[in-house]
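Q: I would like to learn how to read the place where two chains meet. Can we go through it one feature at a time?

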Amino acid sequence: MIKRILPPLASGTLFGAGLALGGMTDPARVRGFLDLFGDWDPTLAFVMGGAVIVMALAWRFQPRMAAPLFAEKFALPNRTELTPRLIGGAALFGIGWGVAGLCPGPGVAALVIEPASAAIFVVAMLAGMGLVRLIEGA
Amino acid sequence: MTLPGFPEAAPLAGLGGGILIGLAAALMLLGAGRIAGVSGIAARATGLSSGGMSGSSAWMFLLGLPLGALVVVMLSGGLEASFANPWVLAIAGLLVGIGTRLGSGCTSGHGVCGVSRLSQRSIVATLTFMAAGIATVAAMNAAGLEVLP
């Protein structure tokens, strides 16, 4: 029980702390990074850089482990093909990200910073996800 | 610390935050054997997708996000944040929700976990959403649309 609940809770908590510390729960900071041709704020590049470097080390370590520490096996994505769906979806996501300066992680984390605003974003995001599921009949 | 030429930037806080996010994703990978992709986890928790981690694990991760942010708010004595109005947030949320399902991920799954794994799909997705975000902000600025107070 503890083995199942604690790792995702600890991971989420570290993740949320990192988002808040890095300023990602402030849409103005995120839009500042996307404002490349205006008043550019490079902070998000440092957030991405720090996260990618640590995670790259984890990826080097992962193949040497027979199994994860608290689970039976690794269950990782293995798709490699580039599809119009992937690119179109990423483009739509990027437009939404640029419009309000929020993506899923900061949206959920910001529920304790600006509850009403973050809740509108998160509910609309879930509605968008539900719409895709509805249309695809999955 | 400030960056010459960028008085608003917070490089050290950004790097520190990024390292925490990297540790979080590493813990998910090496501890639970899974990708810390927030959009997929949110869809899993709410029953909008069925693959991936268990529903209870997904809820625990999601619960942790505001919990971790709250710790930083309490330690720092408050964080700056300015949000767009409800209509803008709703439109943006819809686009983000649709886009992450079609594109199989967001800034965390593709941008952090996939790019660091040198996944071709994730690198293309990340370049695409960054370019779309930059173009969107540039277009809104050109049109005089100011969404943040």
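**Reading an interface and its aromatic pairs**

A: Start with one side chain in this predicted model: Trp40(A) has a relative accessibility of 26%, so Trp40(A) counts as partly exposed.

Q: Why does Phe6(B) count as partly exposed?

A: The class between buried and exposed runs from 20% to 50%. Phe6(B) has 27% relative accessibility, so Phe6(B) falls in that class.

Q: How are the rings of Trp40(A) and Phe15(A) paired, and with which partners?

A: Two things are read: the distance between ring centres, and the angle between planes, where over 60 degrees counts as edge-to-face. The structure holds six aromatic pairs over all chains. In one of them, the ring centres of Phe15(A) and Phe61(B) lie 5.8 Å apart with planes at 70°, so this pair is edge-to-face. Phe15(A) sits in helix H1 (residues 2-21) of chain A and Phe61(B) in helix H3 of chain B, and the pair crosses between chains. Both Phe15(A) and Phe61(B) are buried. For Trp40(A) and Phe6(B), the centres are 5.6 Å apart and the planes are at 85°, so that pair is edge-to-face as well. Trp40(A) belongs to the loop between helix H2 (27-34) and helix H3 (43-61) of chain A, while Phe6(B) belongs to the segment before H1 of chain B, so the pair joins two chains.

Q: Which residues form one aromatic cluster with Trp40(A)?

A: The cluster consists of Phe33(A), Trp40(A) and Phe6(B).

Q: How many residues does each chain bring to the contact, and what area do the chains bury?

A: Residues are counted on each side, and area is summed over both sides. Chain B gives 102 residues and chain A gives 101 residues. Between them the chains bury about 9,100 Å², with 78% of it on carbon and sulfur atoms. Of the area that chain B buries against chain A, Leu30(B), Phe83(B) and Arg121(B) supply 8%, more than any other three residues.

Q: How many salt bridges and polar contacts cross the interface?

A: The rule finds zero salt bridges across the interface of chain B and chain A. For polar contact, the rule finds 19 residue pairs, both residues at pLDDT 80 or more.

Q: Which element gives the largest share of the side of chain B that touches chain A?

A: H1(B) does, with 21 residues. That side of chain B divides into 64 nonpolar, 32 polar and six charged residues.

Technical notes:
Residues are numbered from 1 along each chain as its sequence is written. Chains are lettered from A and ligands numbered from 1 in the order in which they are written. Side-chain values use heavy atoms; hydrogens and water are left out. Contact means heavy atoms within 4.5 Å. Buried area is the accessible area (1.4 Å probe) that two parts lose on being put together, summed over both. A salt bridge is a side-chain nitrogen of Lys or Arg within 4 Å of a carboxyl oxygen of Asp or Glu. A polar contact is a pair of N or O atoms within 3.5 Å; within protein, one must be able to donate a hydrogen and the other to accept it, and residues adjacent in sequence count only if both atoms are side-chain atoms. Helices (H or I, at least four residues) and strands (E, at least two) are DSSP runs, numbered from the N terminus. Ala, Val, Leu, Ile, Met, Phe, Trp, Tyr, Cys and Pro count as nonpolar, Asp, Glu, Lys and Arg as charged, and the others, Gly among them, as polar. Rings of Phe, Tyr and Trp (its six-membered ring) pair if their centres lie within 6.5 Å; planes under 30 degrees apart count as stacked, over 60 as edge-to-face and the rest as tilted. Buried means under 20% relative accessible area, exposed over 50%, partly exposed in between (1.4 Å probe, protein chains only).
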